[in-house]
Amino acid sequence: MLVSLWNDVPHKGALKMITCSAPGKVYLFGEHAVVYGEPAICCAVDIRTRVSVDHADSITIRSTLGTTGIDFETHPYVSAVVERFQDISSLEGVSILISSEIPVGSGLGSSAAVTIATIKALDMLLGTGLELDDIARMGHEVEQRVQGAASQTDTYVCTMGGVVMIPQRKGLDLIDCGIIVGNTNIFSSTKELVANVSDLNKRFPDVIGPILSSIGMMSVAGKGLVNTKDYVSIGKLMNINQGLLDAIGVGCSELSSFTYAARNSGAYGAKITGAGGGGCMVAIAPHERVDDVAAAIGAAGGEVIVTKATDVGVKVESL
Ligand code: MEV
């Protein structure tokens with residue numbers, strides 16, 4: 001697929017395709033609360049978005065969504081990255097090809113992964129010499145420009161890989177248990193859900209404020225539990241976090257049904273990951289129960305992705 005699409009793209013001079021990739025992510029704790037400065041714990045997972053680039057006469061962005069130039073409807077994140085590189089380098093034309101294992105708009109960090117992989121690929125092509133911190137920072141600026149508001153979580157974790165506490169940017173031990181994702185295939189808009197929580201918080205600050213701080217407290221407790229590999233306790237806190245996400249209105253019946261299916265079939269714990277309202281839930285489970293949990297989420301109607309934590313963040317795949 002990648003090669004045949006690439007052959008249709010008009011390249012400039014000798015083929016010098018550079019391919020970079022970045023991972024998706026799941027939240028163990030803290031989505032939404034992190035927007036209010038509370039800590040969150042996020043884990044990079046072993047499903048990746050790959051971006052290939054080459055010099056060209058004009059700008060072409062190609063993915064399963066279509067072939068465009070700079071186009072903020074079809075390819076908003078990549079378009080914003082290209083414009084950023086036009087500001088900092090002599091970039092005029094480039095061919096960009098995207099292929100992804102991360103479902104779009106599902107809470108698994110697809111936007112961050114395509115943003116970060118594109119930044120790294122263009123950095124390599126144009127020799128701009130960006131460090132990892134620069135890549136994460138530019139990725140965050142791009143997400144903020146496209147979404148209006150975004151925490152640094154997704155872009156930081158998918159740049160660095162591993163399990164990370166935000167906003168402290170503290171790397172924790174990699175979790176060694178099964179990670180099972182259930183996708184509702186219901187598209188959810190992060191921008192709208194974040195705005196809904198903000199409205200609720202403005203209307204009932206004394207009610208919503210303590211819920212958001214309580215979610216933050218779970219991340220604080222979760223930090224020690226990740227490093228002592230106490231997955232039973234992490235699972236219990238994930239279940240409580242799920243209850244609080246439901247309370248702030250970002251749940252839906254499918255997400256609830258998949259989380260109960262996962263818990264009833266041997267998961268340590270299960271919750272929404274990402275903005276909610278659709279998108280995905282995540283369960284963690286002992287390795288020997290992964291198949292049972294995956295089957296139960298599938299039987300409840302979820303599209304299942306079985307994955308694992310990865311400490312590999314953005315990387316060069318080929319030069
Ligand atoms: C979306 O993946 C996570 C939210 O916390 C928004 C953000 O952190 O930007 C809902």
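**Figure 1. Contribution of the two domains to the ligand shell in the predicted model.** Domain 1 (2-171 + 311-318) and domain 2 (173-307) each supply at least three residues to the shell around the ligand. The shell residues comprise 6 nonpolar, 4 polar and 3 charged. Of the 13 residues around the ligand, those that come nearest are Y27, H32, V34, A150 and S151.

**Figure 2. Polar atoms of Y27, H32 and S151 at the ligand.** A polar side-chain atom of S151 is placed 2.5 Å from an oxygen atom of the ligand. For H32, a polar backbone atom lies 2.9 Å from an oxygen atom of the ligand. In the case of Y27, an N or O atom of the side chain is 3.4 Å from an oxygen atom of the ligand. The ligand taken alone exposes 300 Å², of which the protein buries 95%. Two or more residues of the shell come from each of the elements β1 (18-29) and α6 (190-203).

**Figure 3. Surroundings of Q242 in helix α8.** Helix α8 spans residues 231-247 and includes Q242. Q242 counts as buried because its relative accessibility is 4%, and the limit for this class is under 20%. A polar atom of the Q242 side chain is located 2.8 Å from the backbone nitrogen of I272. When neighbours within four places in sequence are left aside, Q242 is in contact with T259, R263, A270, K271 and I272. I272 thus appears both in this set of contacts and as the residue whose backbone nitrogen faces a polar side-chain atom of Q242 at 2.8 Å.

**Figure 4. Surroundings of R145 in helix α4.** R145 belongs to helix α4, which covers residues 132-147. R145 has a relative accessibility of 48% and therefore counts as partly exposed, whereas Q242, at 4%, counts as buried. Apart from neighbours within four places in sequence, the residues in contact with R145 are F72, A80 and E83. The view also includes Y77, which is separated from R145 by 68 residues in sequence. The C-alpha atoms of R145 and Y77 are 8.9 Å apart in space.

Terms used:
Residues are numbered from 1 along each chain as its sequence is written. This is a predicted model: local features need pLDDT of at least 70, side-chain atom pairs count only at pLDDT 80 or more; totals for chains, interfaces and linings use all residues. Side-chain values use heavy atoms; hydrogens and water are left out. A residue is near a molecule or strand if one of its heavy atoms lies within 4 Å of it. A polar contact is a pair of N or O atoms within 3.5 Å; within protein, one must be able to donate a hydrogen and the other to accept it, and residues adjacent in sequence count only if both atoms are side-chain atoms. Accessible areas come from the Shrake-Rupley method with a 1.4 Å probe; for residues, only the protein chains shown count as cover. Helices (H or I, at least four residues) and strands (E, at least two) are DSSP runs, numbered from the N terminus. Ala, Val, Leu, Ile, Met, Phe, Trp, Tyr, Cys and Pro count as nonpolar, Asp, Glu, Lys and Arg as charged, and the others, Gly among them, as polar. Domain bounds come from an automatic or database domain assignment. Buried means under 20% relative accessible area, exposed over 50%, partly exposed in between (1.4 Å probe, protein chains only). Contact means heavy atoms within 4.5 Å.
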